[in-house]
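Here's a quick briefing to read with the structure open in your viewer. Take it topic by topic and click along as you go.

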Amino acid sequence: MKIVTIVGARPQFIKAAALSRELRKLHDEVILHTGQHYDNNMSDVFFLELEIPIPKYNLGVGSGTHARQTAEMMIGIEDVILKEKPDALLIYGDTNSTLAGAIVAGKLDIPIAHIEAGARTFVKDMPEEQNRIVADHLAKWNFTASEEHKEYLAAEGVTENVYNVGDVMCDGLLHALKKVKSTDKNIYAKKLDYYIPNCGTIDDYYLSTLHRPENVDDIKKVKSIIDGFEKLDAPVLFAVHPRTIPKIRELTKQKEYCNIHFVKPLGYLDMVFFTSNARKVITDSGGLHKEAFLMRVPSVVVLRSTGWRETLDGNCNVLARPDGDEIVDKVFNTKINYLKYSIMHYGDGTASKKISNILWQ
Ligand code: UD1
């Protein structure tokens, strides 16, 4: 098959790294980057370190309101589809790039393959939830990461061509862990020392990322969260997403935060290493809290709900409001039952191979 794959935001590059490797063994793939994420450390670094094929097209859409960003993507994607005439369009996850691809291919009657289908937070005002619902309902093939997600689709009447193949992010993570483990530990120790001078042992820190509009667009919430980080009993390595930077700049002008080490977004391999060694992760990233779970690192997830419900089993991950005191309480007082959860919900690292084979049939 000739497949046009849409990517645009950071988590999609990570998923594409895993799937493109398999897809290209059987199919002819053309990658289209919408340009939703464009900074070097939000985009280029992933293509380089994960050896993702360079996109044939980059729409350079950048930031904007949801409508403008999505509309601009749609115009560009339509031009590419009309030119390339693919047999299928492949989309990942739940971003505005996913939504734009789904609507354009749906209207042009190009079969859609949706990867990571069926995830639901049941919070309809989250943009990602809206994007997921549209993508799932327009897709010809829905590939779910867990059995539960398949059941959610069935409850919405989506039952044809739904395949629970496991999680492509799990495939990517296993690949990355091999690379990280074969890297000299001193390299990471030096990086940690650079980010958190005098950190002590290599695993004595918390790791945080925050970027959801509902958490970071209101400076009071950001202040409450980082004031909470100041009360933690180990330093916090905080990789700051571009959306969050202006608020952090303003707050650090008003007060010195001694326990927090603010750094730019990390590359994927560094992120995998620093997650695997963290005491706990505090994040609102869907991908990161699932990766932490797969590495058996507990998280406090600053979200109202998660599309990865299995990660809450045994309290491996717990949800918290964007409130510093609540986050600190959950970091200190959550009892984890390691016997009560299984990382096998998300497959065995062969999701990409299965997807490629199913599309071949
Ligand atoms: C998007 C996805 C979210 C995903 C996240 C991963 C949607 C609706 N949201 O959220 O599901 O978890 O990506 O990061 O698609 N910016 C830059 N440089 C960049 C990228 C973004 O400066 O390279 C800034 C811009 O100011 C922009 C803001 O970050 O306005 C938000 O970017 P956007 O892509 O709209 O949403 P994310 O919050 O990244």
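What follows covers one helix, one pocket and a pair of buried charged residues. Keep in mind that this is a predicted model.

**Helix α4**

- Helix α4 runs over residues 96-108, so count 13 residues there, as helices are taken from DSSP runs.
- From first C-alpha to last, α4 reaches 18 Å, close to the 18 Å expected at 1.5 Å a residue.
- At the N-terminal end, threonine 95 acts as the cap for α4, with a side-chain oxygen 3.2 Å from the backbone nitrogen of serine 97.
- Right after α4 comes aspartate 109, and its phi is positive, near 60°.
- Plenty of names to click here: Asn96, Ser97, Thr98, Leu99, Ala100, Gly101, Ala102, Val104 and Ala105 of α4 are buried.
- The cover over those buried residues includes the strands β1 (2-7), β4 (88-92) and β5 (112-117).
- Helices take part too, and the cover of α4 includes α1 (10-26), α3 (66-84) and α5 (127-138).

**The second largest pocket**

- The second largest pocket holds about 200 Å³ of space.
- Elements giving two or more residues to its lining are α1, α7 (168-181) and α15 (351-360).
- Of these, α7 gives the most to the lining of the second largest pocket, namely four residues.
- If you want to select the lining by hand, pick Ala18, Arg21, Glu22, Asp171, Leu174, His175, Lys178, Gly349, Thr350, Ser352 and Lys353.
- By residue class, the lining of the second largest pocket splits into five charged, four polar and two nonpolar.

**Two buried charged residues**

- Lysine 15 sits in helix α1, the helix that also helps to line the second largest pocket.
- Is lysine 15 buried or exposed? It counts as buried because its relative accessible area is 5%, and the cut-off for buried is under 20%.
- Setting aside neighbours within four places in sequence, lysine 15 is in contact with Tyr92, Gly93, Glu116, Val168 and Met169.
- Aspartate 270 belongs to helix α12, which spans residues 268-277.
- The relative accessible area of aspartate 270 is 11%, so aspartate 270 is buried as well.
- Which residues does aspartate 270 touch, not counting those up to four places away in sequence? They are Tyr188, Lys191 and Tyr195.

Definitions and conventions: Residues numbered from 1 in each chain as written. Predicted model: local features only at pLDDT ≥ 70, side-chain atom pairs only at ≥ 80, totals over all residues. Heavy atoms only, no water. Expected span 1.5 Å × (residues − 1). Buried < 20%, exposed > 50% of the residue type's maximum accessible area, 1.4 Å probe, protein only. Contact = heavy atoms within 4.5 Å. Polar contact = N/O pair within 3.5 Å; in protein donor to acceptor, adjacent residues only side chain to side chain. 1 Å grid on protein atoms, 1.4 Å probe; cavity = no way out; pocket = protein on both sides within 12 Å on 5 of 7 lines; lining within 4 Å. Points joined across faces, edges and corners; volume = space filled by probe spheres on them. Nonpolar A, V, L, I, M, F, W, Y, C, P; charged D, E, K, R; others polar.
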